[in-house]
Amino acid sequence: MSENLLCSDNRSMRQGNIALYAIVFLMVGIVLSIFIFFPQFLNMQSGIYGISCREIRQKIQVAIEDHDANNTRSIVERGKRVDLDTLKEKGFLNEIRLCPEKGEYKFDERGRVICTFHKSGE
Amino acid sequence: MNKHRRRTYLIKTGLQLRYMGIIISTMLLVAFGVGWIIYHTSWSRIANTPDLTLDKLSDIFDSVNTILMRWIIVFILAIAILSIFVSHKIAGPVYRLEETAKFIASGDLTQQIQLRHGDELQDLQEAFNLMSDSLRKMVAKDREVIDKLVMTGSRLREKIDQKKLSPESIEEVTRELHVVIEELRLVTSGFKIEEGQNEETGDDDAEKDGQDTA
């Protein structure tokens, strides 16, 4: 009985050696992912989404300026949502594109388009 | 602890190099695959978007990530399946060795290992079969000697029963017994059963004991 126990102990020790390497390898991978890869990915993702959002805002801004130049009534309502549907219906926007990070496009106090997620009106 | 420290790392060069090759080629294949997927998906999306503007960058980024995730899952599955086949080439022989060793330990010396073509550990299989052959031969010889011993014993019994116990006949039976015992000793003297004991010492002891018996 005790011999069997010893044998199984030895076997688990021998197997445990490989399992230990696997666990260490996995832990290193997880730690690297948590502290390096994942933050880098999120940083890169938010940067790319920021660039896209800025470009969409610029397009909307141009569309609003075109709209106001061709209409007597301005579409700008300070502090309110930008009416993208109207801009598209009237042909000032080719397509409705939203912020990749689900922000909403609104007018700020100066009448410029801002994103509720990215905030910047510039 | 130091006694078991690894000194020679390439001890089974062919086997180790083969597995090194498998690991390196798999890693290269995955690296090349993932690299090509990133390169192809991102650049093909860029090239195939006619009115490309920076606002579509997030769409390209998302689609590349989605495609990459799908392909990584495919790669993981492919490697998992491949690793089952590769590991089976070594796990199969190890399993057969374990099972055969158990049979031999239980006393069945007729067991031989037959590995499939392409399996690893073919050298170990040959060595193992050689060991089981030599054990079988030793046991056969052992039995042969025991039979002789039984026959000699029977002859001695006959002589005792027939009351033909002259000094010459006693001498003759004793000589026969001695010869058989010597044979038996020779069969077992080939085994090393103690640390530090060598074959020569075993043989010398056997001779010495034989002389004492005589």
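B:Leu121 lies in the loop that runs between α2 and α3 of chain B. The model in which this residue appears is a predicted one, and B:Leu121 offers a convenient point of entry to it. The phi angle of B:Leu121 is near 65°, which is a positive value in a residue other than glycine. The surroundings of B:Leu121 hold 20 other C-beta atoms within 10 Å, and the residue is therefore classed as buried, since 20 or more such atoms are required.

From this loop the account can widen to chain B as a whole. The secondary structure of chain B consists of five helices and zero strands, so that, by the DSSP assignment, the order of elements from the N terminus is α-α-α-α-α. Chain B has 214 residues, and buried residues make up 5% of them; B:Leu121 is classed as buried. Among the contacts in chain B that join residues at least 6 apart in sequence, 53% link residues at least 24 apart.

The two helices that flank the loop of B:Leu121 may be taken next. Two packed helices are described by the angle between their axes and the distance between the axes. For α2(B) and helix α3 of chain B, the latter spanning residues 122–161, the packing angle is about 10° and the axes are 11 Å apart. Because angles under 35 degrees count as roughly parallel, α2(B) and α3(B) are roughly parallel to each other. On the side of α2(B), the residues that meet α3(B) are B:Pro93, B:Leu97, B:Thr100 and B:Ile104. Their counterparts in α3(B) are B:Leu124, B:Gln125, B:Phe128 and B:Ser132. Sorted by class, this contact of α2(B) with α3(B) has five nonpolar residues, three polar residues and no charged ones.

Helix α2(B) also packs against the helix that precedes it. The axes of helix α1 (residues 13–47) of chain B and helix α2 (residues 57–105) of chain B come within 10 Å and cross at roughly 160°. Angles over 145 degrees count as roughly antiparallel, and α1(B) is therefore roughly antiparallel to α2(B). The crossing of α1(B) and α2(B) is right-handed. To this contact α1(B) gives B:Ile22, B:Thr26, B:Val30, B:Gly33, B:Ile37, B:Ile38, B:Thr41, B:Ser42, B:Arg45 and B:Ile46. The residues of α2(B) that take part are B:Ile60, B:Ser63, B:Val64, B:Ile67, B:Leu68, B:Trp71, B:Phe75, B:Ile79 and B:Val86. By class, the contact of α1(B) with α2(B) comprises 13 nonpolar, five polar and one charged residues.

Further along the chain, B:Leu149 lies in helix α3 of chain B. With 16 other C-beta atoms within 10 Å, B:Leu149 is partly exposed. B:Leu149 and B:Leu177 are separated by 28 residues in sequence, yet their C-alpha atoms are 6.8 Å apart in space.

Chain A is built from both kinds of element. It has two helices and two strands, and their order from the N terminus is α-α-β-β. Of the 122 residues of chain A, 17% count as buried. Among contacts in chain A with a separation of 6 or more, 51% come from residues 24 or more positions apart.

The largest nonpolar core has 15 residues, and those with the most contacts inside it are A:Cys53, A:Ile60, A:Ala63, A:Tyr105, A:Val113 and A:Cys115. The elements that give two or more residues to this core are α1 (2–70) and β2 (113–115) of chain A. The largest share, six residues, comes from α1(A). Within this setting, A:Cys53 touches A:Cys99, A:Pro100, A:Gly103, A:Cys115 and A:His118, not counting residues up to four places away in sequence.

Chain A, too, has a loop residue with a positive phi. A:Lys102 lies in the loop between α2 (84–89) and β1 (105–107) of chain A, and its phi is near 65°, a positive value in a residue other than glycine. Its surroundings contain 10 other C-beta atoms within 10 Å, and A:Lys102 is therefore exposed, the limit being 12 or fewer. B:Leu121, by contrast, is buried.

The two chains also touch one another. Their contact takes six residues from chain B and ten residues from chain A. On the side of chain B that touches chain A, the residues divide into three nonpolar, two polar and one charged.

How values were computed. Residues are numbered from 1 along each chain as its sequence is written. Chains are lettered from A and ligands numbered from 1 in the order in which they are written. This is a predicted model: local features need pLDDT of at least 70, side-chain atom pairs count only at pLDDT 80 or more; totals for chains, interfaces and linings use all residues. Two residues are in contact if their C-beta atoms, placed from the backbone, lie within 7 Å. Ala, Val, Leu, Ile, Met, Phe, Trp, Tyr, Cys and Pro count as nonpolar, Asp, Glu, Lys and Arg as charged, and the others, Gly among them, as polar. Axes are lines fitted to C-alpha atoms, for helices over the stretch in contact, and angles run from 0 to 180 degrees between N-to-C directions. Helices (H or I, at least four residues) and strands (E, at least two) are DSSP runs, numbered from the N terminus. Angles under 35 degrees count as roughly parallel, over 145 as roughly antiparallel, 65 to 115 as roughly perpendicular and the rest as oblique. A crossing is left-handed if the near helix is turned anticlockwise from the far one by less than a right angle, and right-handed if clockwise. A nonpolar core is a set of buried Ala, Val, Leu, Ile, Met, Phe, Trp, Tyr and Cys residues joined through C-beta atoms within 7 Å.
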